[in-house]
Amino acid sequence: MGRNTRKRRTPLATKIVAGAAALAVGGGGLVWANFYASAHEEHSGQNRTRSAAAQVATIDCPDVGQQIRDVPDRARGEVDGELASMDSQITDAYQRLATTRRAQAGDAQFVQNSILGPLKDRRKALIDRIQLEINRAGGKADDNLDELAGCQGRPADQQQNGDGQNGGQGDGGQDGGGQNGDGQNGDGQGDGGQGDGGQNQDDNGNGVAGPVADDFIDINDVQPNSRDSRNGLAANGDGGSAGTFTTDCGVNENNLFNSDNLIAAPGVDNGAHHTHDYVGNQDNDAFSSDEDLANADTSCQNQGDKSTYYWPVLRLQDGTQEFDANDQGGGAEGNIGKILKPAKAELKFVGSRQGDVVAMPKFLRIITGDAKSFTNGDANANTSWSCSGFEDRQVTDKYPLCPEGSQVLRTTNFQSCWDGQNIDSANHRDHMAFVQEDGSCPNGFQAVPQLQVRLAYDIPTPAVENGQVRNPYAVDSFPEQLHKPITDHNDFINVMDEDLMNEVVDCINRGEDCQ
(Lines give C-alpha, C1' and ligand atoms only; values in the text may rest on other atoms or scores of the structure.)
Protein backbone atom coordinates (compact mmCIF):
# COMPACT_ATOMS: atom_id res chain seq x y z
CA MET A 1 0.00 0.00 0.00
CA GLY A 2 1.66 3.18 -1.14
CA ARG A 3 1.29 6.57 0.46
CA ASN A 4 -1.98 8.22 -0.48
CA THR A 5 -1.37 11.77 -1.67
CA ARG A 6 -4.99 12.68 -2.36
CA LYS A 7 -6.60 15.58 -0.54
CA ARG A 8 -9.90 15.45 1.27
CA ARG A 9 -12.69 17.05 -0.69
CA THR A 10 -14.43 18.31 2.45
CA PRO A 11 -12.32 18.65 5.60
CA LEU A 12 -14.08 18.15 8.90
CA ALA A 13 -13.49 21.77 9.82
CA THR A 14 -15.89 22.88 7.09
CA LYS A 15 -18.76 20.65 8.11
CA ILE A 16 -21.85 22.25 9.56
CA VAL A 17 -21.99 21.64 13.28
CA ALA A 18 -25.23 19.96 14.26
CA GLY A 19 -27.46 21.38 16.96
CA ALA A 20 -27.03 20.38 20.55
CA ALA A 21 -29.45 17.50 20.34
CA ALA A 22 -29.11 14.70 22.81
CA LEU A 23 -27.30 11.63 21.57
CA ALA A 24 -29.68 8.83 22.38
CA VAL A 25 -28.50 5.30 22.89
CA GLY A 26 -28.76 3.66 19.51
CA GLY A 27 -29.01 6.93 17.62
CA GLY A 28 -26.26 7.82 15.17
CA GLY A 29 -23.21 5.63 14.80
CA LEU A 30 -22.23 2.65 16.88
CA VAL A 31 -23.93 2.02 20.20
CA TRP A 32 -21.11 1.59 22.70
CA ALA A 33 -21.43 -1.12 25.32
CA ASN A 34 -20.38 -1.19 28.92
CA PHE A 35 -17.74 -3.84 29.49
CA TYR A 36 -17.85 -4.14 33.26
CA ALA A 37 -19.64 -7.27 34.47
CA SER A 38 -21.67 -7.10 37.63
CA ALA A 39 -21.01 -9.67 40.28
CA HIS A 40 -24.80 -9.87 40.73
CA GLU A 41 -26.96 -8.77 37.83
CA GLU A 42 -30.68 -9.03 37.26
CA HIS A 43 -32.03 -10.87 34.25
CA SER A 44 -35.70 -11.82 33.71
CA GLY A 45 -36.38 -11.26 37.40
CA GLN A 46 -33.68 -13.67 38.53
CA ASN A 47 -30.29 -12.96 40.05
CA ARG A 48 -27.31 -14.65 38.49
CA THR A 49 -23.66 -14.48 39.45
CA ARG A 50 -20.91 -13.76 36.96
CA SER A 51 -17.23 -13.32 37.69
CA ALA A 52 -16.06 -9.82 36.86
CA ALA A 53 -12.63 -11.24 36.02
CA ALA A 54 -14.20 -13.44 33.35
CA GLN A 55 -15.74 -10.52 31.52
CA VAL A 56 -13.58 -9.16 28.71
CA ALA A 57 -13.43 -5.37 28.92
CA THR A 58 -11.24 -4.55 25.95
CA ILE A 59 -8.73 -5.95 23.50
CA ASP A 60 -5.02 -5.80 24.26
CA CYS A 61 -2.71 -6.17 21.25
CA PRO A 62 1.08 -5.81 21.17
CA ASP A 63 2.09 -2.50 19.60
CA VAL A 64 3.94 -3.60 16.47
CA GLY A 65 4.88 -0.05 15.52
CA GLN A 66 6.92 0.44 18.69
CA GLN A 67 9.00 -2.65 17.91
CA ILE A 68 10.01 -1.72 14.36
CA ARG A 69 13.49 -0.32 13.78
CA ASP A 70 15.60 0.68 10.79
CA VAL A 71 12.88 0.93 8.18
CA PRO A 72 14.35 2.24 4.90
CA ASP A 73 12.98 5.66 3.99
CA ARG A 74 11.30 4.43 0.83
CA ALA A 75 9.36 1.81 2.82
CA ARG A 76 8.18 4.18 5.57
CA GLY A 77 4.92 5.17 3.87
CA GLU A 78 3.93 1.59 3.17
CA VAL A 79 4.83 0.41 6.68
CA ASP A 80 2.93 3.28 8.31
CA GLY A 81 -0.07 2.39 6.17
CA GLU A 82 0.02 -1.25 7.26
CA LEU A 83 0.29 -0.19 10.89
CA ALA A 84 -2.74 2.05 10.45
CA SER A 85 -4.62 -0.88 8.95
CA MET A 86 -3.67 -2.88 12.02
CA ASP A 87 -5.24 -0.19 14.22
CA SER A 88 -8.41 -0.45 12.13
CA GLN A 89 -8.43 -4.21 12.66
CA ILE A 90 -8.33 -3.68 16.42
CA THR A 91 -11.16 -1.15 16.19
CA ASP A 92 -13.28 -3.58 14.17
CA ALA A 93 -12.59 -6.38 16.65
CA TYR A 94 -13.44 -4.10 19.56
CA GLN A 95 -16.72 -3.14 17.91
CA ARG A 96 -17.55 -6.81 17.53
CA LEU A 97 -16.72 -7.31 21.19
CA ALA A 98 -19.14 -4.50 22.03
CA THR A 99 -22.06 -5.90 20.06
CA THR A 100 -21.92 -9.61 20.85
CA ARG A 101 -22.30 -9.66 24.63
CA ARG A 102 -25.20 -12.10 24.59
CA ALA A 103 -23.29 -14.54 22.43
CA GLN A 104 -20.31 -14.24 24.75
CA ALA A 105 -22.48 -15.00 27.78
CA GLY A 106 -23.66 -18.21 26.12
CA ASP A 107 -20.28 -19.43 24.90
CA ALA A 108 -17.12 -19.18 27.00
CA GLN A 109 -14.96 -19.58 23.87
CA PHE A 110 -16.80 -17.04 21.73
CA VAL A 111 -14.31 -14.20 22.22
CA GLN A 112 -11.34 -16.41 21.46
CA ASN A 113 -12.85 -18.28 18.52
CA SER A 114 -14.86 -15.50 16.87
CA ILE A 115 -12.89 -12.36 17.68
CA LEU A 116 -9.32 -12.91 18.88
CA GLY A 117 -8.48 -15.89 16.65
CA PRO A 118 -9.51 -14.20 13.38
CA LEU A 119 -7.84 -10.97 14.54
CA LYS A 120 -4.55 -12.81 15.01
CA ASP A 121 -4.74 -14.20 11.48
CA ARG A 122 -5.43 -10.76 9.98
CA ARG A 123 -2.61 -9.17 11.98
CA LYS A 124 -0.24 -11.93 10.89
CA ALA A 125 -1.00 -11.15 7.24
CA LEU A 126 -0.16 -7.47 7.75
CA ILE A 127 3.01 -8.26 9.68
CA ASP A 128 4.12 -10.48 6.79
CA ARG A 129 3.53 -7.57 4.42
CA ILE A 130 5.50 -5.21 6.65
CA GLN A 131 8.44 -7.61 6.69
CA LEU A 132 8.26 -7.97 2.90
CA GLU A 133 8.14 -4.19 2.35
CA ILE A 134 11.14 -3.61 4.61
CA ASN A 135 13.18 -6.33 2.91
CA ARG A 136 12.22 -5.15 -0.60
CA ALA A 137 13.48 -1.67 0.26
CA GLY A 138 16.87 -3.02 1.27
CA GLY A 139 16.30 -3.31 5.01
CA LYS A 140 16.38 -6.33 7.29
CA ALA A 141 13.03 -7.01 8.92
CA ASP A 142 12.87 -8.56 12.36
CA ASP A 143 11.94 -12.22 11.93
CA ASN A 144 10.32 -12.24 15.37
CA LEU A 145 7.56 -9.75 14.53
CA ASP A 146 5.17 -12.67 14.00
CA GLU A 147 5.21 -13.16 17.76
CA LEU A 148 3.27 -9.90 18.06
CA ALA A 149 0.28 -11.09 16.03
CA GLY A 150 -1.78 -12.49 18.91
CA CYS A 151 -4.02 -10.32 21.08
CA GLN A 152 -5.69 -10.92 24.43
CA GLY A 153 -8.98 -10.03 25.99
CA ARG A 154 -8.44 -7.85 29.03
CA PRO A 155 -10.79 -8.27 32.01
CA ALA A 156 -12.29 -5.18 33.57
CA ASP A 157 -10.42 -5.64 36.83
CA GLN A 158 -6.97 -6.34 35.39
CA GLN A 159 -4.40 -3.88 36.71
CA GLN A 160 -1.76 -2.11 34.70
CA ASN A 161 1.99 -1.90 35.21
CA GLY A 162 3.03 0.59 37.88
CA ASP A 163 -0.37 0.55 39.61
CA GLY A 164 -1.31 3.59 41.59
CA GLN A 165 -0.78 7.28 41.23
CA ASN A 166 2.97 7.35 40.75
CA GLY A 167 4.49 4.91 38.30
CA GLY A 168 8.08 4.50 37.18
CA GLN A 169 9.99 6.52 34.65
CA GLY A 170 9.27 6.10 30.97
CA ASP A 171 12.11 6.71 28.54
CA GLY A 172 13.94 8.57 31.29
CA GLY A 173 11.15 11.11 31.21
CA GLN A 174 7.96 11.81 33.10
CA ASP A 175 6.55 9.55 35.78
CA GLY A 176 3.78 7.41 34.35
CA GLY A 177 0.95 6.27 36.55
CA GLY A 178 -0.56 2.84 36.10
CA GLN A 179 -4.21 1.97 35.90
CA ASN A 180 -6.13 0.76 38.90
CA GLY A 181 -8.72 -1.93 38.50
CA ASP A 182 -11.96 -0.48 37.27
CA GLY A 183 -14.36 -3.16 38.34
CA GLN A 184 -17.47 -1.09 37.71
CA ASN A 185 -20.81 -2.81 37.55
CA GLY A 186 -23.24 -2.87 34.68
CA ASP A 187 -24.29 -4.80 31.66
CA GLY A 188 -23.38 -4.64 28.02
CA GLN A 189 -25.14 -4.67 24.73
CA GLY A 190 -26.52 -7.95 23.46
CA ASP A 191 -25.94 -8.80 19.82
CA GLY A 192 -26.18 -5.20 18.78
CA GLY A 193 -29.31 -4.53 20.80
CA GLN A 194 -29.92 -3.54 24.40
CA GLY A 195 -28.16 -5.75 26.89
CA ASP A 196 -29.36 -7.28 30.14
CA GLY A 197 -30.38 -4.97 32.93
CA GLY A 198 -31.18 -1.73 31.06
CA GLN A 199 -28.99 1.35 31.50
CA ASN A 200 -25.40 0.56 32.30
CA GLN A 201 -23.80 1.82 35.46
CA ASP A 202 -20.88 3.45 33.70
CA ASP A 203 -22.24 4.21 30.26
CA ASN A 204 -22.76 7.80 31.49
CA GLY A 205 -26.28 7.73 30.09
CA ASN A 206 -25.18 7.78 26.46
CA GLY A 207 -23.81 4.33 25.69
CA VAL A 208 -20.13 5.19 25.76
CA ALA A 209 -17.51 2.89 27.28
CA GLY A 210 -15.79 5.04 29.86
CA PRO A 211 -14.63 6.97 31.63
CA VAL A 212 -15.77 5.37 34.86
CA ALA A 213 -15.85 6.71 38.39
CA ASP A 214 -12.47 5.19 39.20
CA ASP A 215 -10.87 7.30 36.46
CA PHE A 216 -11.43 10.46 38.55
CA ILE A 217 -9.78 11.74 41.71
CA ASP A 218 -10.41 14.76 43.93
CA ILE A 219 -7.41 17.04 43.48
CA ASN A 220 -7.22 17.35 47.27
CA ASP A 221 -6.50 13.63 47.45
CA VAL A 222 -3.45 13.91 45.18
CA GLN A 223 -0.19 14.03 47.10
CA PRO A 224 1.73 17.29 46.53
CA ASN A 225 5.09 17.09 44.73
CA SER A 226 4.52 13.45 43.90
CA ARG A 227 5.82 13.59 40.33
CA ASP A 228 9.37 14.05 39.11
CA SER A 229 9.32 17.32 37.19
CA ARG A 230 12.96 17.45 36.09
CA ASN A 231 11.87 17.47 32.45
CA GLY A 232 9.47 20.29 33.17
CA LEU A 233 11.87 22.82 34.62
CA ALA A 234 13.70 25.54 32.79
CA ALA A 235 17.45 25.54 33.23
CA ASN A 236 19.08 26.93 36.31
CA GLY A 237 22.66 27.21 37.50
CA ASP A 238 25.72 28.57 35.77
CA GLY A 239 25.91 25.96 33.01
CA GLY A 240 22.33 26.05 31.76
CA SER A 241 20.30 27.96 29.19
CA ALA A 242 17.61 29.57 31.29
CA GLY A 243 15.59 31.56 28.74
CA THR A 244 12.10 30.90 27.44
CA PHE A 245 10.25 31.59 24.21
CA THR A 246 6.44 31.66 24.15
CA THR A 247 4.45 31.45 20.93
CA ASP A 248 0.76 32.42 20.92
CA CYS A 249 -1.22 30.33 18.42
CA GLY A 250 -4.71 30.58 19.91
CA VAL A 251 -7.06 27.81 21.02
CA ASN A 252 -8.31 26.53 17.66
CA GLU A 253 -10.70 29.40 17.00
CA ASN A 254 -10.78 28.26 13.35
CA ASN A 255 -12.36 24.93 14.32
CA LEU A 256 -9.70 22.85 12.60
CA PHE A 257 -10.50 19.27 13.57
CA ASN A 258 -9.79 15.89 12.03
CA SER A 259 -9.09 12.33 13.11
CA ASP A 260 -5.85 12.00 11.13
CA ASN A 261 -2.29 11.76 12.40
CA LEU A 262 0.22 13.16 9.93
CA ILE A 263 3.17 11.92 11.99
CA ALA A 264 2.13 8.37 12.85
CA ALA A 265 -0.14 7.60 9.91
CA PRO A 266 0.69 9.84 6.92
CA GLY A 267 -1.57 9.31 3.95
CA VAL A 268 -4.17 7.44 6.00
CA ASP A 269 -7.66 8.85 6.48
CA ASN A 270 -8.81 8.56 10.12
CA GLY A 271 -5.41 7.21 11.15
CA ALA A 272 -5.88 8.39 14.75
CA HIS A 273 -9.41 7.01 15.33
CA HIS A 274 -10.05 10.06 17.51
CA THR A 275 -10.42 13.78 16.86
CA HIS A 276 -7.59 16.29 17.29
CA ASP A 277 -7.49 19.99 18.08
CA TYR A 278 -5.01 21.90 15.88
CA VAL A 279 -3.32 25.24 16.48
CA GLY A 280 -0.60 26.80 14.38
CA ASN A 281 -0.46 25.32 10.89
CA GLN A 282 -3.81 25.41 9.09
CA ASP A 283 -3.12 22.76 6.44
CA ASN A 284 -2.64 19.76 8.67
CA ASP A 285 -4.24 16.49 7.70
CA ALA A 286 -2.97 13.06 6.79
CA PHE A 287 -2.19 14.11 3.23
CA SER A 288 -0.21 17.30 3.94
CA SER A 289 3.32 17.28 2.54
CA ASP A 290 6.18 19.28 4.02
CA GLU A 291 5.68 21.71 1.14
CA ASP A 292 2.00 22.06 2.09
CA LEU A 293 2.97 22.83 5.67
CA ALA A 294 5.57 25.39 4.60
CA ASN A 295 3.08 27.21 2.36
CA ALA A 296 0.12 27.12 4.75
CA ASP A 297 -1.44 29.83 6.85
CA THR A 298 -0.84 29.81 10.59
CA SER A 299 -2.93 30.77 13.60
CA CYS A 300 0.23 31.86 15.45
CA GLN A 301 0.62 35.59 16.06
CA ASN A 302 4.20 35.34 14.86
CA GLN A 303 3.67 34.44 11.21
CA GLY A 304 7.13 32.90 11.08
CA ASP A 305 5.78 30.02 13.18
CA LYS A 306 3.91 27.65 10.89
CA SER A 307 4.53 24.73 13.21
CA THR A 308 1.68 22.36 13.87
CA TYR A 309 0.67 21.67 17.45
CA TYR A 310 -2.09 19.13 18.00
CA TRP A 311 -3.64 17.00 20.72
CA PRO A 312 -6.79 14.85 21.18
CA VAL A 313 -9.83 16.90 22.08
CA LEU A 314 -11.48 16.79 25.46
CA ARG A 315 -15.23 16.17 25.45
CA LEU A 316 -17.96 16.70 28.00
CA GLN A 317 -20.22 13.66 27.82
CA ASP A 318 -23.42 15.64 28.28
CA GLY A 319 -25.47 14.28 25.36
CA THR A 320 -24.44 17.00 22.90
CA GLN A 321 -24.39 15.79 19.30
CA GLU A 322 -21.24 17.26 17.78
CA PHE A 323 -20.45 17.68 14.08
CA ASP A 324 -18.66 14.32 14.11
CA ALA A 325 -21.34 12.40 16.01
CA ASN A 326 -21.82 10.00 13.09
CA ASP A 327 -18.25 10.03 11.78
CA GLN A 328 -15.29 7.72 12.11
CA GLY A 329 -13.00 9.16 14.74
CA GLY A 330 -16.02 10.69 16.43
CA GLY A 331 -19.27 9.14 17.58
CA ALA A 332 -18.94 6.12 15.31
CA GLU A 333 -15.89 5.14 17.38
CA GLY A 334 -17.18 6.05 20.83
CA ASN A 335 -15.87 9.63 21.01
CA ILE A 336 -19.06 11.50 21.81
CA GLY A 337 -20.21 14.63 23.56
CA LYS A 338 -19.40 18.32 23.47
CA ILE A 339 -15.88 19.21 22.30
CA LEU A 340 -14.26 21.48 24.87
CA LYS A 341 -11.83 24.10 23.63
CA PRO A 342 -9.11 25.23 26.01
CA ALA A 343 -9.71 28.56 27.69
CA LYS A 344 -5.98 29.06 27.16
CA ALA A 345 -3.24 27.19 25.33
CA GLU A 346 0.29 28.13 26.41
CA LEU A 347 3.08 26.95 24.09
CA LYS A 348 6.48 27.58 25.60
CA PHE A 349 10.02 26.53 24.65
CA VAL A 350 12.61 26.27 27.44
CA GLY A 351 16.30 25.47 27.69
CA SER A 352 18.66 22.86 29.08
CA ARG A 353 20.02 22.66 32.61
CA GLN A 354 23.40 21.53 31.27
CA GLY A 355 24.23 24.05 28.55
CA ASP A 356 23.14 25.77 25.38
CA VAL A 357 20.48 24.42 23.03
CA VAL A 358 20.81 24.08 19.27
CA ALA A 359 18.22 24.77 16.60
CA MET A 360 15.58 22.18 15.77
CA PRO A 361 15.70 21.11 12.14
CA LYS A 362 12.74 22.17 10.04
CA PHE A 363 9.97 19.53 9.88
CA LEU A 364 11.24 17.76 13.00
CA ARG A 365 8.43 15.54 14.26
CA ILE A 366 7.89 14.73 17.93
CA ILE A 367 5.25 12.55 19.57
CA THR A 368 5.11 12.54 23.35
CA GLY A 369 2.89 10.36 25.50
CA ASP A 370 1.23 7.19 24.23
CA ALA A 371 -2.28 7.04 22.81
CA LYS A 372 -2.35 3.33 23.70
CA SER A 373 -1.01 3.50 27.26
CA PHE A 374 -3.99 1.65 28.71
CA THR A 375 -3.03 -1.51 26.82
CA ASN A 376 0.67 -0.78 26.19
CA GLY A 377 1.49 0.06 29.80
CA ASP A 378 2.92 3.31 31.10
CA ALA A 379 6.48 3.21 29.70
CA ASN A 380 5.79 6.12 27.32
CA ALA A 381 2.99 7.80 29.29
CA ASN A 382 3.71 11.51 29.62
CA THR A 383 0.65 13.32 30.81
CA SER A 384 0.16 15.59 33.78
CA TRP A 385 -3.37 16.45 34.95
CA SER A 386 -3.99 19.06 37.65
CA CYS A 387 -6.14 22.02 38.67
CA SER A 388 -5.32 25.71 38.73
CA GLY A 389 -4.27 26.67 42.24
CA PHE A 390 -3.10 23.11 42.85
CA GLU A 391 -0.20 22.93 40.42
CA ASP A 392 1.97 21.13 42.97
CA ARG A 393 -0.44 18.19 42.69
CA GLN A 394 -0.01 16.31 39.42
CA VAL A 395 -1.46 12.97 38.36
CA THR A 396 -1.01 10.78 35.28
CA ASP A 397 -3.68 8.10 35.43
CA LYS A 398 -6.67 10.05 36.78
CA TYR A 399 -8.81 12.98 35.69
CA PRO A 400 -8.85 15.60 38.45
CA LEU A 401 -12.02 16.80 40.13
CA CYS A 402 -11.35 20.51 40.63
CA PRO A 403 -13.10 22.80 43.11
CA GLU A 404 -15.40 25.54 41.90
CA GLY A 405 -13.49 28.32 40.18
CA SER A 406 -10.48 26.12 39.41
CA GLN A 407 -9.59 25.13 35.84
CA VAL A 408 -8.60 21.65 34.69
CA LEU A 409 -4.94 21.75 33.61
CA ARG A 410 -3.42 19.42 31.05
CA THR A 411 0.36 19.72 30.75
CA THR A 412 2.83 17.94 28.47
CA ASN A 413 6.60 18.41 28.36
CA PHE A 414 8.20 17.08 25.21
CA GLN A 415 11.46 15.21 24.68
CA SER A 416 14.28 17.73 24.29
CA CYS A 417 17.24 15.65 23.09
CA TRP A 418 17.67 15.15 19.32
CA ASP A 419 19.89 12.59 17.61
CA GLY A 420 21.36 15.33 15.41
CA GLN A 421 20.45 13.60 12.14
CA ASN A 422 16.82 12.55 11.69
CA ILE A 423 13.58 14.49 11.64
CA ASP A 424 11.63 11.27 12.26
CA SER A 425 12.24 7.58 12.94
CA ALA A 426 10.52 4.31 12.12
CA ASN A 427 8.62 4.21 15.40
CA HIS A 428 8.46 8.04 15.59
CA ARG A 429 10.36 8.01 18.90
CA ASP A 430 13.97 6.85 18.54
CA HIS A 431 15.25 10.12 17.05
CA MET A 432 14.28 11.97 20.25
CA ALA A 433 14.96 11.34 23.95
CA PHE A 434 14.28 12.81 27.36
CA VAL A 435 17.12 14.24 29.39
CA GLN A 436 18.90 12.03 31.89
CA GLU A 437 18.79 12.39 35.67
CA ASP A 438 21.41 15.15 35.67
CA GLY A 439 19.67 17.08 32.91
CA SER A 440 22.10 16.05 30.17
CA CYS A 441 21.23 14.33 26.91
CA PRO A 442 22.17 10.69 26.23
CA ASN A 443 25.36 10.05 24.26
CA GLY A 444 24.97 11.03 20.62
CA PHE A 445 22.06 13.39 21.33
CA GLN A 446 22.09 17.16 21.64
CA ALA A 447 19.78 19.54 23.46
CA VAL A 448 17.11 21.43 21.50
CA PRO A 449 14.48 23.81 22.90
CA GLN A 450 11.96 21.83 24.91
CA LEU A 451 8.31 22.39 24.01
CA GLN A 452 5.95 22.62 26.96
CA VAL A 453 2.21 22.67 26.29
CA ARG A 454 -0.15 23.80 29.06
CA LEU A 455 -3.88 23.67 28.33
CA ALA A 456 -6.44 25.16 30.73
CA TYR A 457 -10.14 24.26 30.55
CA ASP A 458 -13.31 25.57 32.16
CA ILE A 459 -15.15 22.33 32.91
CA PRO A 460 -18.05 21.77 35.31
CA THR A 461 -16.90 19.26 37.91
CA PRO A 462 -18.40 15.82 37.21
CA ALA A 463 -20.54 14.29 39.94
CA VAL A 464 -19.09 11.06 41.32
CA GLU A 465 -21.42 9.27 43.72
CA ASN A 466 -22.01 5.66 44.70
CA GLY A 467 -19.45 4.41 42.22
CA GLN A 468 -20.99 6.28 39.28
CA VAL A 469 -19.95 9.39 37.40
CA ARG A 470 -22.37 11.78 35.70
CA ASN A 471 -21.50 14.26 32.95
CA PRO A 472 -17.81 13.30 32.94
CA TYR A 473 -15.19 14.81 30.71
CA ALA A 474 -12.71 12.62 28.89
CA VAL A 475 -9.94 12.70 26.31
CA ASP A 476 -10.70 11.27 22.87
CA SER A 477 -9.02 7.91 22.39
CA PHE A 478 -8.69 4.83 20.26
CA PRO A 479 -11.89 2.86 20.96
CA GLU A 480 -10.21 0.04 22.85
CA GLN A 481 -8.43 2.50 25.18
CA LEU A 482 -11.73 3.32 26.95
CA HIS A 483 -10.99 7.06 27.28
CA LYS A 484 -8.43 6.50 30.01
CA PRO A 485 -6.59 9.67 31.11
CA ILE A 486 -3.21 7.92 30.84
CA THR A 487 -3.68 7.74 27.04
CA ASP A 488 -3.36 11.50 26.63
CA HIS A 489 -0.60 12.56 24.24
CA ASN A 490 0.65 15.50 22.20
CA ASP A 491 2.20 16.02 18.76
CA PHE A 492 4.41 18.67 17.19
CA ILE A 493 5.99 19.35 13.80
CA ASN A 494 8.47 22.21 13.68
CA VAL A 495 7.71 24.54 10.77
CA MET A 496 9.34 27.71 12.10
CA ASP A 497 11.31 29.63 9.52
CA GLU A 498 15.07 29.70 10.02
CA ASP A 499 15.18 33.26 11.33
CA LEU A 500 12.55 32.58 13.99
CA MET A 501 14.17 29.32 15.11
CA ASN A 502 17.49 31.12 15.49
CA GLU A 503 15.71 33.81 17.52
CA VAL A 504 14.22 31.12 19.79
CA VAL A 505 17.64 29.53 20.34
CA ASP A 506 19.40 32.86 20.97
CA CYS A 507 16.73 33.98 23.42
CA ILE A 508 16.92 30.75 25.41
CA ASN A 509 20.71 30.66 25.45
CA ARG A 510 20.88 34.31 26.57
CA GLY A 511 18.55 33.58 29.49
CA GLU A 512 15.81 35.95 28.32
CA ASP A 513 12.03 35.54 28.27
CA CYS A 514 10.79 36.26 24.77
CA GLN A 515 7.68 35.92 22.65
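Reader: Happy to look at this one together! In which helix is aspartate 499 found?

Author: A word on the model first: it is predicted, so local features need pLDDT of at least 70 and side-chain atom pairs count only at pLDDT 80 or more, while totals for chains, interfaces and linings use all residues. Residues are numbered from 1 along each chain as its sequence is written, and side-chain values use heavy atoms, with hydrogens and water left out. Helices (DSSP runs of H or I, at least four residues) and strands (E, at least two) are numbered from the N terminus. Aspartate 499 is found in helix 7 (residues 498-510).

Reader: Is aspartate 499 buried or exposed?

Author: Buried means under 20% relative accessible area, exposed over 50%, and partly exposed in between, with a 1.4 Å probe and protein chains only. The relative accessible area of aspartate 499 is 64%, so this residue counts as exposed.

Reader: Good to know! How many salt bridges does a search of the whole structure find?

Author: A salt bridge here is a side-chain nitrogen of Lys or Arg within 4 Å of a carboxyl oxygen of Asp or Glu. One of them joins aspartate 73 to arginine 76 at 3.9 Å, N to O, and both residues lie in helix 2 (residues 73-98). Over the whole structure, the search finds 16.

Reader: How many residues apart are aspartate 215 and lysine 484, the pair that links distant parts of the chain?

Author: These two form a salt bridge whose closest N and O atoms are 3.1 Å apart. Aspartate 215 sits in the loop between strand 4 (152-155) and strand 5 (216-218), and lysine 484 in the loop between strand 23 (473-475) and strand 24 (489-493). Aspartate 215 is buried at 1%, and lysine 484 is buried at 0%. In sequence, the pair is 269 residues apart.

Reader: And which residue forms a salt bridge with arginine 315?

Author: Arginine 315 lies in strand 10 (residues 314-316), and its partner is in the loop between strand 23 and strand 24, so the pair ties together parts that are 161 residues apart in sequence. Both residues are buried. With the closest N and O atoms 2.7 Å apart, the partner is aspartate 476.

Reader: Lovely. Which residue in strand 20 is the bridge partner of glutamate 346?

Author: Two strands pair if DSSP finds at least two bridges between them. Strand 12 (residues 344-350) and strand 20 (residues 450-457) run antiparallel and are joined by seven bridges. They belong to an open sheet of six strands in the order 14-16-20-12-6-25. The bridge partner of glutamate 346 is arginine 454.
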